[in-house]
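Please walk through this structure with the text below. It starts at one charged pair and works outward to the cores and the whole chain.

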Amino acid sequence: VVVTFVTQSRGRPSEVAFAKEGVSLPSEYVQGQVSTYSSYICPSNFHLRKPALGPYPALPDEELAALVNTSAFMPNTSASYLNLASASDAWKELDNGCILYKNPLGFSQSPYIHTVMLKDLEPRTAYHYRLGAQSGREFNFTTPPAVGFSDPSTPFRLGVWADVGVTNVSLAVMKEMLSYSPELVLLVGDFSYADGWPHRWDLFGRMSEPLMSGVVTLGVPGNHEIEAGRQQGQDWMHRYPVPFRASGSETAMWYSYEAGLVHFLCLAGSYAPTGEDSPQFQFAFEDLQRVNRTRTPWIVVQFHTPWYNSNNHHYQEGWLHQHDMEDMFFIHGVDLVFNGHIHSYERSHPVYKEQVNSCGPTHIVIGDAGNYEGPALPWRLPRPLWSAFRESSFGAGLLTVHNSTHAEWEWRRAACVQKSDTQAGYYTWDGVSGPEAGPRCSTTGDTSSQSFETSDRVMVVRDVAACPSRLAGDGKGWPAQAPAPAPPAAPTARRRLAAETRALRAVAAADAAQESARQQAVSVGPAPVPAGVTRSLPRPPPSLPLSLEEAQRLAAGASLETRRLEDLDVVQQVHVGLAGPGEAVVTFVTWARGVSSEVYYTEGTEMTQAWLASGEVSTYITHICPTGGKLRYPKMGDRVPLPDEELAKVVDTSRFLPITSDSYLHLFFPSQAWDHLDKRCVVYKNPKGYHQAPYIHTAVLTGLKPRTKYTYRPKAGTRQFSFVTPPAPGPIEPGKPFKIGVWADVGITNVSWTVMQQVKAANPELVLLVGDYSYADGWSSRWDVFGTMMEPLMAAVPTLGVPGNHEISEGRYQGVDWMFRYPIPYRESGSESPMWYSYETGPVHILGLAGSYAPSDKSSPQYLFAKEDLRHVDRYRTPWVVVQFHTPWYNSNKNHYQEGYKHQQDMEELFYTYGVDIVFNGHVHSYERSHRVYKNKVDPLGPMHIVIGDAGNYDGPALPWVEPQPEWSAVRESAFGSGVLTVFNATHAEWAWRRAACAYRGSPIGDHSWWYASTWHGNSSCSTEGDNSAQKSEPSDAVMLIRGEVPARVRPRASWWSWALIGTATAVAGLLVGTMLVMSVLKALRKKKLQSRSLSGISEDFELPAEAESTEMASGTAAAADTPGYATVPQQLRSQ
């Protein structure tokens, strides 16, 4: 069981103590992990402002205006400045449903989300638990029954609800669900209805805590998790983890689970591709294939958008999914299918292909849990024959599994709705619940004959004799030890799978032959490391990656079929990054399921012996939102546009949906596709509006030595790659400086390709990519083009990056593509989010931040992490502190001018206090270097700021510059290039920027200005029109950075163990010195007393002999015993 909870402050422990009911909680806690995430705020649902049902709190104009009206926190010189005339104008100033990305308050930060896994639990056992020692509350839950367990006296009870929200009706339905005493709950999508106002997820979490803290919940995403608010499912995935890896899935979007006599299959449905070669289809097919119907005879499937729905709302939206998968469900004898999405209740008879069929599944739509959009009406007439019951009120359901053949389904009404009035063309509804609802609860406009019944109840019987498909499955059980064979694929998919299968078989055969030979010889080579076992490898054939031209054809929508797939390596888009100390992470993609994620690697270049690193595979989906206008009309480079025809293949649903579908759209011309986007996104009702990523594999190579060359090859691939590990933290060897390449705002143009070659030619040991990688901008397949184009560099040099606006806001990505494809060592640095982290190598401490794309105030997770990280830098080990984030503070270009103002106000003093040396930024498509600066004044103790967003993306160069050139600006130019930071030692480093291409303005065509770029080959007169920098004709910019004596305010801070050691040594030394001082004082007092005190038997003029005094002071009393005169001292005086 996974326990999830949130805290609002950093540093709270992720721990849970648990015990069986009646047993005292132990003092030891189970440890978990904590995370947080940022969201681009897109309040895109009309009902946020004017909710239709219940006393649901509307999003007040004033609350939105507090974010949109930037005049409250930005200067009027900023490109982000906006002064609203009235609060209601805030809605008009949204950028297609989202706050403008230039607005630093347009990004929300989640609380800290803690997850703790409780293991070795007994089935059907009551437990109680407490969340950390600081929490005073305890909770209770009962585990579900064991797989295959059946007890007729205590049947398995499952609660089901969907489309919940946080209205008073939602609360009534939740109470109804609690009254069922379920052992497991299914939530079939649409949890919170936050709809782009992210903190409403916290409202939902608090409201549903009485149920969800005590009953295990299995959920699936709905459209309000994925497209509404453009959240891409990340809120749901962070807050409500599902057991997808345990079931052999590569994504939380689909998975399976077993409890009692039931096998649960949970899918994304229409919110991901469903064709025969799609990951979702292949997982579902393999999962159903391996169900053991003797152990789990019941198969229950849940996904959000229904196939069988006779309501006018969302009618036949699930048609394509049904067309792709209904045969699969029927062949494998699925018993029940639960859906939401329609805000009503409807149960079908067993049905298959629109006809009542006793061997088909029973479909139940239960999207009636009370969300603010109100009930779904009207119903379609006449009612279809397959529809058994339908009603537009609100409630929840209970499935009671009695044994392997009989289960009872019951739906209970929890609230009724009645239309109250009409305002501005929409209905409002009042929810009525409890005894005051009366016994004859009905909904206006509900024409079903059962509309006056208080509930719906039916016995579901599995007739195995009449329906042999109810016994489908290979009996291997769940989960399988290895993936089952893939299902028959469509012709194009079959060709791809066949080609990759042949390549895999060839690699496997070569491995087997070499392994046989190895068994007969003595294994030699590097010593084993914790990563795995030693293996022998064949020499790979010549490399066959995609060419630049082929990658660009792919960007233009051309199919990979233009080249024989048999010639392609199964493994593509190889990339090497960094993990913990002595570790590197290799990432690559494949297009087929079941490919190994393992990677061979060895020290040196000869892979006759190698280690084998294990890995894992994942995939993800994104809602397609081609938001960048330049996707259609790119301004620069070889201008590879997104053709109208490619977009029309997605938008024109007449190609794949029936005319009766609610999602049907016919385009007369491909160019009309752009006009039919919904706030620049493909309409969510369109099942083709979701992009499926390839399979992304990651493997961590361990036991690596610093500054050592390693060669590696993904086990499934035919190509091998090499990289050199960066230096270990600390001083570097004299004469071997540490080189770091830096670039940003890359894209996939011919200029991007030129700059990439320039970065590689500099032979860096590490590359920083300061945001804006691919410029996919909502057309996610361009991430694959970027990965293919940049493989020559990124497979050979480790890269550390940060997100830019083109990872987060453009395309409404929320950073999903970037986080999956380019893993960051954030947990290794104590961060809770990949949006900020740190890494140390050589004499350099690197801090990566989200900057303006997450809250940065002093209570924000970003600020707190940065402060804690900088506070603990050991400046003796890593004297250089380098920070990278995307939006610059110091930029004298009119493009994005002062967009980073608020981030600067929040963090500049922090950087200054801890002596940051260099700050790298992108965002502005030009190059600019500042002098050392603080608060817009040249300051020798401030950082040097470098804007390097000039790597060649399709937006073209940034012009014009602000005049006159500010005092702090040292160099600025609107050409294209990259930079290298060369660190020589603790005090000296050189920064050099080199131009790779110049841009020239071409003749405008229509409203579009196009730029042409020419590769620079040493022409010293290369300059850009409108560039007024004094250095515009120089071929490069170079400067030596010198770190002098560290001022007292930023004295180096040792790490905690250094301080502990120093503190211990100081305490011991202090104790010794203090003891000696005390002894000296006591002896001095003794002498004084001896000289002044009169004692019986001693004359007043008695004195210790001089020899005795000096000897005792030097050596102590024991030595004084032999001194002349000591024996004459009375015993009383000796004791004193």
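R49 counts as partly exposed, since its relative accessibility is 29%; the term covers values between the limits for buried (under 20% relative accessible area) and exposed (over 50%), found with a 1.4 Å probe and protein chains only. The partner of R49 is D61, and the closest N and O atoms of this salt bridge are 3.1 Å apart. A salt bridge here is a side-chain nitrogen of Lys or Arg within 4 Å of a carboxyl oxygen of Asp or Glu. The pair links distant parts of the chain, with D61 in helix α2 and R49 in helix α1, twelve residues apart. Unlike a partly exposed residue, D61 is buried, with a relative accessible area of 19%. Helices (H or I, at least four residues) and strands (E, at least two) are DSSP runs numbered from the N terminus.

This is a predicted model, in which local features need pLDDT of at least 70 and side-chain atom pairs count only at pLDDT 80 or more, while totals for chains, interfaces and linings use all residues. Residues are numbered from 1 along each chain as its sequence is written, and side-chain values use heavy atoms, leaving out hydrogens and water.

The loop between α1 (46-49) and α2 (61-68) holds L59. L59 is buried, at a relative accessible area of 1%. Leaving aside neighbours within four places in sequence, L59 is in contact (heavy atoms within 4.5 Å) with residues including R49, W91 and W197.

By the salt bridge rule the count comes to 41. One of these joins the side chains of R877 and E840, at 2.5 Å from N to O. R877 lies in the loop between α17 and β42, and E840 lies in strand β40, 37 residues apart. R877 is partly exposed at 37% relative accessibility, whereas E840 is buried at 16%. Elsewhere, E408, E410, R412 and R457 form one network through salt bridges that share partners.

Helix α17 (residues 861-871) has buried residues that include Y863, F865 and L870. Their cover includes β40 (837-841), β42 (880-884) and α18 (901-913). In helix α11 (residues 644-651), six of the eight residues are buried, among them L647 and V651.

A buried charged residue appears in strand β47 (residues 969-973), where R972 is found; its relative accessibility is 0%. The side chain of R972 makes a polar contact of 2.8 Å with the side chain of S892, and another of 3.0 Å with that of E963. A polar contact is a pair of N or O atoms within 3.5 Å; within protein, one must be able to donate a hydrogen and the other to accept it, and residues adjacent in sequence count only if both atoms are side-chain atoms.

What lies between the domains? The largest nonpolar core has 94 residues, and W743, F911, F920 and W991 touch the most other members. Strand β49 (residues 988-1001) gives the most to this core, with six residues. Domain 1 (38-109 + 144-470) and domain 2 (726-1022) both give residues to the core, so it lies between them; the domain bounds come from an automatic or database assignment. A nonpolar core is a set of buried Ala, Val, Leu, Ile, Met, Phe, Trp, Tyr and Cys residues joined through side-chain atoms within 4.5 Å. A second, separate core of 89 residues includes V160 and Y308.

The chain has 22 helices and 51 strands, and 59% of its 1136 residues are buried.
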